[in-house]
Every structure is written in C-alpha cells, then in structure tokens.
Amino acid sequence: MDSRGRTALVAILWGGLVGLCAAYIHATLRVSGDLRLFMPTPRTRAERLILEEVSEGPASRLLMVALSDAESGRGAGSSRDGAVERLAESSQRLASALRSDPAFALVANGADPLATIPASLLPYRYLLSPTLDRERLDAGYLHRQLIERERDLSSPAAGLLEPWLPSDPTLETLKVLESWQPPREPQLIDGVWFDERGSEALMVVETAAGAFDPLAQRIVLEKLRAHFAAVAAPSVRLEVTGPGAFSVLMQSRSEADARLAGILDTAGMVALLLLAYRSLRYVVLGALPLATAGIAALAAVTALFGTVHGITLAFGFTLIGVAIDYPIFILSHRLPGVSAVETARSVWTTLAIAVVGLCVAYVAFALSGVVGLAQLACFNVAGLAAAGLSTRYLLPQLLPAEPRDHGESRLPARLADLSGRIPPLRWLAPALALASVAALAWLPGPLWENDLGRLTPVPAPLLQRYATLQQELGQPDVRYLMTVDGATAEQVLAREERLAGALGRLVARQAVSGFEDAARYLPSASTQERRRAALPGETELRAALLEASRDTAFRAGLFAPFLADIARARDLPPLTPQRVAGTPLELSIGSLLIEREGSWTGLVTLTGVRDPAAVSRLAASSDGAVRLIDLEQASNGLVARQRARILRSIAAAALLLALVVYAALRSVRRAARVLGPMALTTLLTLAALHAAGVALNLFHLVALVLAAGLGLDYGLFFERSAHDPAGRRRTLHALTVCAAAACTVFAVLASSTLPVLRSIGVTVVLGVIGNFGLALLLVRPERSLACSDATPSPP
Amino acid sequence: MRRPGLAAMRGALRALTLALTLTVACAHAAPSGEGLELDTLLRGLARPVPSSTGFVEARFSALLTRPLVVSGTLEYLGPDALVRTVEQPYRERSEIRGDTVTVERQGEPAQSFTLQRVPEIRSLLASFAALLSGNVAALEQQFELDLHGDARRWTVGLTPRDASVHQHIRSITVSGRGSEPRCLTTFEANDDLTILLLTRAASLSLPAEPDRAWFDAQCRGPSP
C-alpha cells in the first residue's frame with residue numbers, strides 16, 4: 001500500500017471509530033444535575049439522613065416562593081399598603097392557579113389548609129384529640145362544657161364558635177387544630193403569609209417531580225413562572241428557591257460554563273498552535289487526538305455509568321484539554337527529513353511514562369468513593385489513553401513532511417540560553433521547600449474547608465437566602481434532629497408518644513423551645529383505639545347529654561349532629577399514614593415519617609436547642625431506638641473522612657507514580673530529577689493558597705494532582721533532553737507550548753462563576769507556572785554528570 | 001378557640017368588634033339643640049381617650065331557648081384598644097389590642113386569638129378610629145347612614161356598604177334620647193341578634209327573665 005492510500009485508510013478508520021463512539025454516546029448518555037454525585041458516600045445513619053432524606057424526601061421537593069413588590073418602599077403609608085395588597089392578591093391568585101395544576105402537589109400560602117380539619121378527617125376528631133385520655137364524656141364533663149359554651153356565646157369569640165356548637169359542643173375540632181399548629185408560623189397579612197418585615201409574600205410549593213430531576217424541575221419552574229406572569233400584578237417580582245430550583249440553576253450554569261470554557265479554550269488553542277507552528281494543517285491534525293480523547297472519554301463514562309453529571313462534563317472536557325500536550329510533543333520534536341512515525345517512536349517512551357503516570361493518578365481518584373470523582377477519573381483515564389495511543393499510532397500516519405526544526409525558533413533558543421546562564425541554584429529547592437513548610441505550619445487560618453455547603457457548587461448567597469426563607473417560613477433549625485426507629489410506622493408513633501412526654505419536660509425546663517414529630521399529627525393506632533374504646537355508648541351518651549343540658553339555655557335536640565358524629569366515631573378504624581394520603585396531613589407526616597428498606601424512621605425536629613447535652617441524655621436513656629443527631633457534626637465528619645480517604649488515595653497515587661517513573665528510568669537519581677520539581681511545586685502551591693487565606697477543599701486536591709501530572713510531563717521531557725542542546729531546545733519549544741496551553745485552559749476555569757471550577761483553575765495555573773519554572777531551573781544539564789547516563793535523543 | 005380563621009367565624013367576630021367600638025362611641029354621643037342633623041350627631045361622637053360606660057348585653061340566638069344576658073363595663077383606650085369587662089353573672093375580661101383578642105375568665109387561663117386571619121376587622125377598626133376622632137366622611141365610606149326621629153328620640157341605621165361585611169352583618173341601629181344614646185342593636189345575617197343597653201339604660205335593674213320585648217322597650221326608653 002502506498003503512503004497516500006495508507007494515510008486515507010488510517011483517516012477513514014479513525015474517523016469511523018470516533019463516529020461510532022459518538023453515535024453510541026448520543027443514543028445512551030444521560031446528563032444529570034444530581035449534586036449528590038459530587039458528595040461523599042454516606043456511611044453512618046446521620047450521613048445518610050443528610051444526603052438522602054434531607055435531599056430526597058418530600059421536604060426536598062419543596063420550593064419556597066417569595067413575592068416582592070418593585071414599587072414598595074417608594075414613599076410611606078398608603079403606597080406601602082397598596083404594595084401589601086398587591087402582594088397578597090398576587091399570592092392568592094398564584095396559589096389558586098398552582099392548585100389547579102397537577103405539576104404541583106401542594107401549595108401553602110397562609111390560607112392554610114390546616115386551618116380547618118379536612119372534611120374526610122372530621123369524624124376522627126375524637127380519636128385524634130387527647131381529651132379522652134383524661135376525661136369521660138359523662139354528664140358532669142358535658143355539663144361543665146355546656147356552661148363554658150354559654151359563656152363563649154356571650155364573649156367576643158361567639159361568632160367564631162357558634163357554627164360549630166351543634167356538632168361539637170366540647171370543641172374537639174379546635175383542640176385537634178391547636179395540636180396541629182406548627183411551632184412557628186409566618187405572620188399573616190390580608191390572609192397570606194408574609195415575612196417579618198411585611199415586604200414579601202411567602203409561599204411553599206411541593207412539586208410532583210423529584211428535586212434532582214433537573215429536566216422535570218425545569219419544566220415545573222417554567223410552569224410556575226408562566227402562572228405567575230398570567231396572574232400577578234405587573235410590579236410584583238417572583239423569587240423561587242429550594243433544592244429543585246438549585247438543581248436547575250446548577251445545571252444551566254455548568255452547561256453555560258462548560259460551553260463558554262469550550263469556546264474560549266478552542267479559540268485560545270487555535271491561536272496558540274498557529275503561533276507555534278504557523279500551519280493550519282498542524283492545528284487541525286493536532287486537535288485530532290484531543291477530539292478522540294473527548295469522544296473516547298464520554299463513551300467510557302456512558303458505558304460505565306449511564307448517567308453523567310453536568311459537572312463531570314464541564315470538568316472532564318477541560319481536564320482532557322491536557323491531551324493537546326501529546327501531539328505537541330511530536331510536532332515540536334520533528335525535524336526536516338525525519339518521518340513523523342520515527343519521531344513518534346523516539347518520544348514514545350517518555351510520552352508513555354507521562355500517560356501511564358497520569359492514568360495511575362486518576363485511578364487513585366476512581367477509588368475515592370465520590371461518584372462524581374470516579375466518573376471524572378474514568379473520563380480522564382479513557383480520554384488520556386485514547387489521546388496517547390492515537391498520538392503514537394494514528395497521528396504520525398497523517399502528518400506531512402516537516403520543513404523546519406522548531407528547536408531553532410527564537411523563544412526556545414532564548415529560554416535555553418537564559419536557563420544555561422543561570423548558575424546552578426542548589427539552595428533553591430531546599431529554600432523553597434522550607435519556606436512552604438513554614439508558611440503551612442505557622443500562617444493562621446484554617447487549612448481545610450469542612451463546610452459541606454462550600455463543596456456543593458450552589459453559590460453561598462443563594463444558600464443564605466434559602467436559609468433565611470426557611471426560617472421565615474417557620475422551618476425548624478436543622479442542626480439538631482432526633483430519630484426514632486421502629487419496625488413499623490405504628491411502633492415509631494408509639495415510641496414518639498412516649499418520647500413526647502420527656503421532651504415536654506425539656507421544653508418546660510427550657511432546654512429546647514419546641515419539637516415536632518409525626519405523632520403530634522397522627523397518634524399511634526393503639527392510642528386511637530384506646531380513645532375509641534372510651535367513647536360512651538349511644539344510650540349512655542344520650543342520657544348524659546340530657547342531664548347536662550337540663551339547666552342550660554340550649555335548645556332541645558340541638559346536639560343531634562354531635563350524637564351522630566360520636567356514633568360514626570365508634571366504628572372508625574384508626575387513622576394510619578396510608579389513610580391520610582391525599583389530605584394536607586400527608587405533607588406534615590410524609591417528611592417526618594420515612595420508610596426505608598422495610599423499616600421506619602421518625603424524625604423529631606427540634607427548635608431552639610439550648611441544652612443539647614440534656615437532649616442527648618434523653619436519647620441515651622431510651623431503649624436505643626431514639627438518637628440525637630448533630631447534623632453539623634455529622635456533615636463535618638463526612639467531609640473530614642472524605643478528605644482522609646482522598647489524601648490516602650493521593651499518597652497511593654504519588655507512590656505508584658514514583659514507582660512507574662523509577663521503573664521506566666531505572667535510576668533513582670533520574671527519577672528524583674523528574675519528580676523533584678513536581679513535588680516542590682505541589683508544596684509551593686499549597687503554601688501559596690494557604691497564605692492567600694484559601695481553605696482547601698477536595699477540589700483543590702484534585703487540581704493539585706492534575707498539576708502534578710502536568711509537572712510530570714515537563715520533568716520527563718526536560719530530563720530526557722538534558723544532555724542534548726538541540727534536543728533541549730526542541731523540548732523547550734514543546735513544553736512552552738504545553739505550559740501556555742495549560743495556562744490558557746485553566747485560566748478560563750479560574751474565571752468561572754462556579755466556586756468549584758474556580759478553585760481548580762487557580763490551583764492548576766499556579767501549579768503549571770511552578771512546574772514549568774522549576775523544571776526549567778532544576779532539570780538542567782549538569783556539567784559534572786557523566787555523559788554515559790544520557791538518554792538517546794533523535795538525530 | 002386559639003385558632004381563628006375559619007371563614008364562617010369571620011362575620012360574627014367582625015360584628016362583635018364593630019359593636020364594641022360603636023358602643024363606646026355612642027355612649028358618649030351628645031347631640032344638642034332642637035333640629036337634629038346627622039352630621040352634628042356623628043361629630044358629637046368624637047371622644048377623648050380613655051372613656052368608659054356600663055353595659056347590659058343580650059344575645060338572641062337560634063341555638064338558644066332564652067337570651068344570654070351579661071352586664072359590665074366597656075372601656076375605650078385608644079384607636080386599637082378596647083376592654084370589655086363582664087361582672088354579672090360571672091366575671092370575664094376581654095381585650096382587643098391591635099391584632100390580638102384576649103379572653104380571660106375567672107379561674108381559667110387566658111385564651112387569645114388573633115385578628116390576622118380576619119383582616120377586614122382591621123380596616124373596620126381603622127374606620128371606627130376615624131369615627132371616634134370625628135371623621136364622619138370616613139364612616140360614610142363604610143356605611144350607608146340613615147337618621148330617623150328628632151333630637152328627643154333618634155335612631156341611626158348603619159348598613160355596611162362592603163358586600164363581604166354585609167354578608168355577615170345585615171345592619172346596626174343605634175338609638176338614643178336627646179343627649180343620651182341608650183342602645184345598640186346588631187342584626188346578623190343568620191337572624192341572630194345582639195342588643196346592648198348603654199349609659200342610663202344599662203343602669204336599670206333587670207327583671208328575672210328579660211325577653212326581647214323588655215329589651216326593645218329599654219331601647220325606646222320611657223315615653224317623654
């Protein structure tokens with residue numbers, strides 16, 4: 001086969017393979033915005049609660065809606081009242097529009113559904129109210145109640161109570177409603193919830209779709225906005241916050257960031273390669289291994305995971321940009337009259353060490369236990385391997401004859417000249433290392449970031465706003481939480497009833513200011529049965545009522561509806577979690593009583609915990625079914641454990657890397673020369689970040705490993721050409737282009753709006769500068785070194 | 001009763017507040033001169049704070065075989081503060097202060113509920129504040145006013161203009177003699193009725209079983 005035909009065949013085969021992969025990806029890949037993919041794997045019960053229930057349960061499907069008026073605050077008095085009226089009216093209209101849309105499971109805006117007992121639950125009032133625990137419905141009790149009702153009718157509450165008296169002379173309905181009252185509720189203005197300042201109307205919406213289905217959430221949010229636009233007054237503004245809104249925001253942000261980064265990176269790369277090689281053909285061919293890497297990486301992740309996080313893609317495509325180095329090594333080392341295949345063969349040993357070394361580092365991350373990081377590792381290993389192999393075996397087949405020696409360009413010649421004139425700075429490495437260690441040891445400020453919230457890329461102001469609204473809407477403090485375990489819902493409810501007494505004593509002692517559990521809304525079946533058994537028989541009740549009302553002003557026969565309701569209650573089966581489905585109680589109970597893998601957990605939320613130790617003692621004195629969970633501690637523990645695991649992975653990766661390099665170079669001295677600048681740069685970068693007051697998170701660590709991988713390339717290639725001045729100039733050309741490319745890519749990331757991308761970008765840019773500079777200074781020809789040790793270099 | 005906000009309860013609570021406020025206002029109305037003008041009468045209602053009067057109240061309800069009668073003192077403490085103290089046949093103190101209504105009965109813990117869920121009441125309170133400061137125009141915005149009789153024996157009818165208020169309160173009449181308002185009657189939409197006797201009418205001794213006719217007679221007062 002002639003060389004032209006061979007070139008065509010390679011091009012067709014390569015293109016076909018890439019095309020097939022692309023088709024497979026297109027058919028299979030699902031991009032997800034599930035933030036939990038970037039969270040550590042939970043281990044303890046508390047950690048699971050944080051990561052699953054708190055983010056997956058019905059509470060996570062809640063969106064908080066705030067309506068504000070653009071024209072309020074312009075002048076006092078009447079115009080402000082006008083704004084409040086507009087807001088209240090918009091809130092009411094929006095609520096009724098949302099209630100008629102099946103995408104929204106529940107809508108609460110203060111015209112609270114729990115202000116009345118749902119009609120279907122009304123007959124249950126005698127089973128739900130605690131009255132029958134203490135009283136019997138006998139003549140004495142009923143008489144006292146009727147006298148009270150007479151007085152009520154002569155009091156300011158007359159109008160409130162009169163309609164209820166015939167069916168409910170003991171006011172059980174009100175007692176049940178009282179016990180259902182949330183511990184804290186936002187203030188009501190014009191019948192709807194408002195924030196404390198009275199400037200925003202508040203609403204809680206439960207979506208039918210899951211919080212972490214960004215596509216469904218996006219549709220839900222669009223519907224919400226459309227309803228709002230259709231019914232709200234023109235000056236009213238809408239704000240939506242909540243896990244669902246966050247996942248939509250993060251998805252569109254990471255997509256936008258990835259797109260922008262891609263465009264900027266491409267433009268930067270093209271400009272850089274044109275500048276370096278002055279050939280459009282080289283730019284196109286040089287991009288081929290990168291394209292192959294991207295497609296192969298995506299295909300591998302798709303095959304292994306099916307669902308890829310948007311952030312994996314944003315990261316992955318940027319990190320894979322490093323593969324542009326590989327063709328650059330070949331392009332810069334080419335010489336007139338030497339075929340590309342020969343050049344490729346000559347740099348392959350070094351290139352292969354670099355690829356294998358990086359892959360080893362990423363494999364360590366695949367074992368970190370974070371799904372998102374494992375995806376990232378898989379993405380990069382597959383991508384880098386594909387880039388390396390295609391650079392070695394496919395690219396050279398397509399390259400034309402080289403007319404120039406890039407080692408003779410101006411910049412590498414000058415750099416080589418410069419680095420040759422600088423005296424051997426033997427003190428430099430130890431001095432820098434010492435200074436870094438000193439900075440890390442003595443500069444104040446936290447070294448590690450333990451706040452889980454900072455690892456999720458949702459911007460802090462949005463999370464803060466979320467927390468504020470949560471508080472305004474009377475959600476409990478989430479630091480302390482009690483859990484009650486049981487084999488059945490009934491067992492959990494019964495345990496909660498026993499716990500409620502002890503918690504009530506803690507409330508009385510002001511150790512906590514309040515608590516909320518499922519049993520408050522729904523007593524256990526056994527309690528309900530006990531109350532039902534305490535209901536008097538038909539004749540007995542009739543006689544008691546007659547005697548009780550003898551000397552009152554109430555009309556004879558007035559209480560017939562009461563007798564009928566009691567008769568119904570006598571035959572009612574106890575209310576269970578299943579039977580409240582579809583009523584407003586379902587929301588209250590659903591987030592407090594959770595079934596998982598056949599067992600049940602009840603959450604007891606606490607407010608105003610002043611004496612956690614007392615609550616902890618109470619939990620400890622239970623039969624082990626009750627636990628106090630400090631979510632802050634648990635989440636910090638989760639992050640710390642995660643970090644320890646990653647640090648171990650990094651240590652393992654470093655060791656493996658050193659072994660790979662030693663095995664390849666078969667000389668401790670040479671391996672040290674390659675690895676030295678890289679290790680020193682890592683230390684310097686850590687010190688620089690710490691000195692700048694940055695608390696390190698696991699994404700910084702990822703970035704450090706990446707920078708170390710780049711440093712490995714630089715060290716290997718400088719070391720390879722240490723004793724060949726012409727070769728060293730070509731290597732300088734290659735590495736200058738590589739370092740400039742890496743800086744371009746990661747400077748784009750460093751300017752991202754996502755804190756995670758930013759921390760990676762900044763860290764890698766620092767690392768590239770350090771690695772390049774130190775490798776240039778430290779991996780130089782040593783005059784004292786025997787020439788026998790020199791690596792063979794291309795002619 | 002700490003949980004208000006049931007739609008059905010709103011009307012009556014509104015009526016109550018209205019009655020309480022009007023009562024105190026009327027207790028001090030002192031129209032003077034022979035030719036009576038509505039404007040003059042209403043301007044005469046403007047009162048300084050604090051002021052108070054005795055009262056006898058009878059509530060007639062379809063639930064009851066006889067009226068419930070209580071007596072005591074009403075105090076007006078300012079635009080958003082009213083106190084109603086029952087002294088007979090039992091002791092009870094109710095206070096409306098801002099958005100909160102508190103009812104305290106002898107030997108029982110105080111119970112309170114909020115007007116937040118009945119915002120209409122708040123606007124009514126505001127309009128009655130206007131009344132007590134002599135702002136007749138603001139009152140006429142809320143009610144259709146209708147004056148009968150002469151200065152010796154007069155009746156003012158107040159019909160709510162707001163449909164949502166009218167849904168619960170059909171009308172209120174205030175009757176008086178000369179410089180003395182004697183009685184305030186609230187007709188509710190469900191045919192319930194509250195009659196409040198004030199000032200001199202409230203100081204009369206009650207018969208053993210007062211009925212509607214007796215109360216109506218006290219409203220009219222003795223023939224001149």
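A residue counts as buried when its relative accessible area is under 20%. With that in hand, here are three views of this predicted model.

**View 1. Chain B, its burial and its fold.** Of the 224 residues in chain B, 54% are buried. Seven helices and eleven strands can be traced along the chain. Among contacts in chain B with a separation of 6 or more, 45% link residues that lie 24 or more positions apart. Turning to the outside, chain B exposes about 9500 Å², and 48% of that area is supplied by carbon and sulfur atoms.

**View 2. A nonpolar patch on the surface of chain A.** Meet A:Val270, A:Leu274, A:Leu280 and A:Val284, which together offer about 330 Å² of accessible area in this patch. Helix 10 and helix 11 of chain A are the elements that give two or more residues to the nonpolar patch. Zoom in on A:Val270, a residue of helix 10 of chain A. A:Val270 is classed as partly exposed because its relative accessible area is 32%, and that class spans the values between the 20% and 50% cut-offs.

**View 3. A patch of positive charge on the surface of chain A.** Four arginines gather here: A:Arg278, A:Arg404, A:Arg410 and A:Arg414. Look for A:Arg278 in the loop that runs between helix 10 (243-277) and helix 11 (280-305) of chain A. Is A:Arg278 buried or exposed? Its relative accessibility is 63%, so A:Arg278 counts as exposed, the cut-off for that class being over 50%.

Definitions and conventions:
Residues numbered from 1 in each chain as written. Chains lettered and ligands numbered in written order. Predicted model: local features only at pLDDT ≥ 70, side-chain atom pairs only at ≥ 80, totals over all residues. Heavy atoms only, no water. Patch = residues over 30% accessible without salt bridge, like charges linked within 9 Å, V, L, I, M, F, W, Y side chains within 5 Å. Areas by Shrake-Rupley, 256 points an atom, 1.4 Å probe, with all protein chains shown as cover. Salt bridge = Lys/Arg side-chain N within 4 Å of Asp/Glu carboxyl O. Lys, Arg positive; Asp, Glu negative; His and termini not counted. Charge placed at Lys NZ, Arg CZ, Asp CG, Glu CD. Helix = DSSP H or I, 4+ residues; strand = E, 2+ residues; numbered from the N terminus. Buried < 20%, exposed > 50% of the residue type's maximum accessible area, 1.4 Å probe, protein only. Contact = heavy atoms within 4.5 Å.
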